[in-house]
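This report walks through a structure for a reader who has not met it before. The sequence and the structure come first, and the description follows.

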Amino acid sequence: YILTDKKLSPYAKLSYALLLSYAWQKDSCFPGQERMAADLSVSDRYLRQALKELQACNYIKVERRGLNKTNVYTILSVSERWKVHKKKLGKAD
């Protein structure tokens with residue numbers, strides 16, 4: 001479904017695929033943004049924008065861990081995406 005999501009840029013879709021490759025055994029990973037940008041051959045700016053798109057569309061959840069630590073990126077399942085979407089709309093289960 002992510003490949004046909006018109007709200008996402010090609011960079012966001014590629015970034016999602018890269019996150020999946022990092023998190024191949026779990027639903028989360030914690031690569032550095034510099035490494036991710038280098039792996040995709042894009043600038044840090046493009047990568048940050050792509051991650052913002054993924055977060056805004058409920059494909060990932062980002063947990064900031066603090067100074068000099070990488071973020072934790074959790075890849076949301078379809079049911080988790082729906083829960084986050086409803087929460088943003090202010091609706092209860």
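The model shown is a predicted one. Asn 71 makes a convenient starting point. Leaving out its neighbours within four places in sequence, Asn 71 is in contact with Cys 29, Phe 30, Pro 31, Gln 33, Val 62, Glu 63, Arg 64 and Arg 65. This residue belongs to the loop between strand E2 (60–63) and strand E3 (72–75). Is Asn 71 buried or exposed? Its relative accessible area is 14%, so Asn 71 is buried, the limit for that term being under 20%. The side chain of Asn 71 also forms a polar contact of 3.5 Å with the side chain of Tyr 73.

**The sheet**

The strands on either side of that loop belong to an open sheet of three strands, ordered E1-E3-E2 and paired antiparallel. Strand E1 (28–29) and E2 are the edge strands; each has a single partner, so one side of each has no neighbour in the sheet. The antiparallel pairing of E1 with E3 rests on two bridges. Within this sheet, Ser 28 has Thr 74 in E3 as its bridge partner. Helix H1 lies across E1, E2 and E3, and runs at about 100° to E3.

**Helix H3**

Helix H3 spans residues 44–56, which makes 13 residues. From its first C-alpha to its last it reaches 18 Å, close to the 18 Å expected at 1.5 Å a residue. Which residues of H3 are buried? They are Leu 47, Ala 50, Leu 51, Glu 53 and Leu 54. These residues cover an arc of only 155° around the axis, and therefore sit on the same side of H3. An α-helix has 3.6 residues a turn, so residues three or four places apart point the same way. The cover over the buried residues of H3 includes helix H1 (10–22), helix H2 (33–40), E2 and E3. On the other side of H3, Arg 45, Lys 52 and Ala 56 are exposed.

Asp 44 is also in helix H3. With a relative accessibility of 33%, Asp 44 counts as partly exposed. Not counting residues up to four places away in sequence, Asp 44 touches Gln 33, Glu 34 and Ala 37. Asp 44 and Lys 69 are 25 residues apart in sequence, and their C-alpha atoms are 16 Å apart in space.

**Residues with positive phi**

Three residues with a positive phi are set out below. Ser 41 has such a value although it is a residue other than glycine, and Asn 68 is likewise not a glycine.

| Residue | Phi | Place |
|---|---|---|
| Ser 41 | near 60° | loop between H2 and H3 |
| Asn 58 | near 65° | follows H3 |
| Asn 68 | about 65° | loop between E2 and E3 |

How accessible are the two loop residues in the table? Ser 41 counts as exposed because its relative accessibility is 69%, the cut-off being over 50%. Asn 68 is exposed as well, with a relative accessible area of 77%. Asn 68 lies in the loop between E2 and E3, and Asn 71 is found in that loop too, but Asn 71 is buried.

Key:
Residues numbered from 1 in each chain as written. Predicted model: local features only at pLDDT ≥ 70, side-chain atom pairs only at ≥ 80, totals over all residues. Heavy atoms only, no water. Helix = DSSP H or I, 4+ residues; strand = E, 2+ residues; numbered from the N terminus. Buried < 20%, exposed > 50% of the residue type's maximum accessible area, 1.4 Å probe, protein only. Polar contact = N/O pair within 3.5 Å; in protein donor to acceptor, adjacent residues only side chain to side chain. Contact = heavy atoms within 4.5 Å. Expected span 1.5 Å × (residues − 1). Arc of directions from axis to C-beta. Pairing = 2+ DSSP bridges. Axes fitted to C-alpha atoms, helices over the stretch in contact; angles between N-to-C directions.
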